[in-house]
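Hi everyone, thanks for coming. Let me put the structure up, and then I'll walk you through a few parts of it.

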Amino acid sequence: MPRNEEAPSNPDKVLYPQDSLRKQDVFDHYRSVSGPLIAHARGKPVTLRRFPDGIEAEGFFQKEASRHFPDWIPRTSVPQRGGGTPVHHVLVEDERTLLYLADQACLELHIALSTVEDLERPVLTVLDIDPPEGADIATLRSVVRTMSELLAEAGLAPHLQTTGGKGFHIAAPLDGEVGFEEVRSQMREIAERGARHDPDRLTTEQRKNKRGDRIFLDVNRNAYGQTMIAPYSLRARPGAPAATPIDPEELGRVHPRSYGLANMGRRLAQKSDPWRDLH
């Protein structure tokens with residue numbers, strides 16, 4: 001068995017200094033969530049966010065698979081808009097690949113909304129509920145409920161996820177029959193409807209300096225080449241939070257960083273993946 005399936009190289013390398021969390025801890029997290037994470041990532045080009053020297057040092061986003069990655073790492077060629085050399089993204093199709101990436105200090109995995117079967121037509125749409133710093137959690141939860149209702153009224157099946165950052169994602173499965181432009185247009189209409197109904201709390205304003213203390217309803221991820229944080233991916237933030245699918249009835253007792261490396265294994269041991277029926 002290759003070493004990366006047993007333990008990472010340099011397992012005591014500290015990647016989350018404030019929490020004294022090591023590469024071994026990150027490796028163990030990804031092993032514990034490999035089943036549901038791979039189920040949601042399979043077939044979708046992945047963008048990596050790596051922190052070889054830990055989160056207090058500068059990390060980097062990586063789309064092109066490194067030349068030193070072994071041949072058995074799955075890759076897919078993704079054409080660029082406007083031409084140019086295609087980008088060879090990693091595909092996370094199995095636990096061996098996931099653990100190899102953890103060994104490469106890949107803390108965050110960001111997945112495309114379409115699959116290699118048809119990169120032009122998304123199988124997932126996402127509304128990013130993005131609050132300003134210090135936003136009231138009760139207000140944030142109320143907005144998530146309201147926007148979930150608007151998605152449902154539009155014929156979509158909303159699924160909730162804490163981002164491990166500031167806010168929540170509301171995702172919905174698609175049949176893969178229409179392109180990104182049509183999907184983003186529909187999502188923009190829904191977001192604008194929400195902002196019109198509650199202009200004091202909500203905005204679709206792209207410019208940060210125009211938003212004030214309002215919650216931004218962001219539909220920009222619904223575009224070719226854009227990504228969302230993968231379910232169960234860690235975030236490069238103190239505390240090692242993780243993006244976490246939740247049931248609607250959990251919303252009243254969670255915040256965006258409720259779950260992560262410290263408690264995700266226990267959660268999955270007690271509860272099935274709330275997005276198991278997504279597709």
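Let's start with a single residue: which helix does Ser-148 lie in? Ser-148 belongs to helix H4, which covers residues 137-153. Before I say more about it, please keep in mind that what you see is a predicted model.

So, is Ser-148 buried or exposed? It's buried, because its relative accessible area is 13%, and the cut-off for buried is under 20%. If we skip residues up to four places away in sequence, Ser-148 touches Pro-158, Leu-160 and Ile-170.

Now let's step back to the whole chain. You're looking at 6 helices and 14 strands. How does the radius of gyration fit with a compact globule? For 279 residues, a compact globule would come out near 19 Å, and the chain has 19 Å, so the two agree. If you'd like a feel for the dimensions, the C-alpha atoms fill a box of roughly 55 × 40 × 35 Å along the principal axes.

What about inside and outside? Of the 279 residues, 54% count as buried. The chain exposes about 12800 Å², with carbon and sulfur atoms supplying 44% of that. On charges, there are 37 positive and 41 negative side chains, and the centres of those two sets are 3 Å apart. And here's one about how the chain comes together: take the contacts between residues at least 6 apart in sequence, and 68% of them join residues at least 24 apart.

On to the core. How many residues does the largest nonpolar core have? There are 74 of them, and the ones with the most contacts inside that core are Tyr-30, Val-92, Leu-109, Leu-127, Ile-129 and Met-147.

Let me pick out Val-92 from that list. Leaving aside neighbours within four places in sequence, its contacts include Leu-37, Ile-38 and Ala-41, and those three are buried residues of helix H2. Val-92 is also in contact with Arg-42 and Val-46, and with Thr-97, Leu-98, Leu-101 and Leu-109.

That takes us to H2 itself, residues 34-41. How many of its 8 residues are buried? The number is 6, so to speak a mostly covered helix. Along with the three I just named, Ser-34, Pro-36 and His-40 are buried in H2. What covers them? The cover includes helix H1 (23-32), helix H3 (95-103), strand S7 (106-112) and helix H6 (264-270). Just after H2, have a look at Gly-43, which takes a positive phi of about 85°.

Two other residues have a positive phi without being glycines. One is Asn-10, at about 50°, in the segment before strand S1 (14-16). The other is Ser-20, at about 55°, and you'll find Ser-20 in the loop between S1 and strand S2 (21-22). Ser-20 counts as exposed because its relative accessible area is 54%, with the cut-off being over 50%.

Last stop: Ser-32, in helix H1. At 39% relative accessibility, Ser-32 counts as partly exposed. Ser-32 and Glu-250 are 218 residues apart along the chain, and their C-alpha atoms are separated by 22 Å.

If you want to put the serines side by side on your screens, Ser-148 is buried, Ser-32 is partly exposed and Ser-20 is exposed. That's my tour, thanks for listening.

How values were computed
Residues are numbered from 1 along each chain as its sequence is written. This is a predicted model: local features need pLDDT of at least 70, side-chain atom pairs count only at pLDDT 80 or more; totals for chains, interfaces and linings use all residues. Side-chain values use heavy atoms; hydrogens and water are left out. Helices (H or I, at least four residues) and strands (E, at least two) are DSSP runs, numbered from the N terminus. The radius of gyration is taken over C-alpha atoms; the globule rule is 2.2 Å times the number of residues to the power 0.38. Buried means under 20% relative accessible area, exposed over 50%, partly exposed in between (1.4 Å probe, protein chains only). Contact means heavy atoms within 4.5 Å. Accessible areas come from the Shrake-Rupley method with a 1.4 Å probe; for residues, only the protein chains shown count as cover. Lys and Arg count as positive and Asp and Glu as negative; His and the chain ends are not counted. The place of a charge is taken as NZ of Lys, CZ of Arg, CG of Asp or CD of Glu. A nonpolar core is a set of buried Ala, Val, Leu, Ile, Met, Phe, Trp, Tyr and Cys residues joined through side-chain atoms within 4.5 Å.
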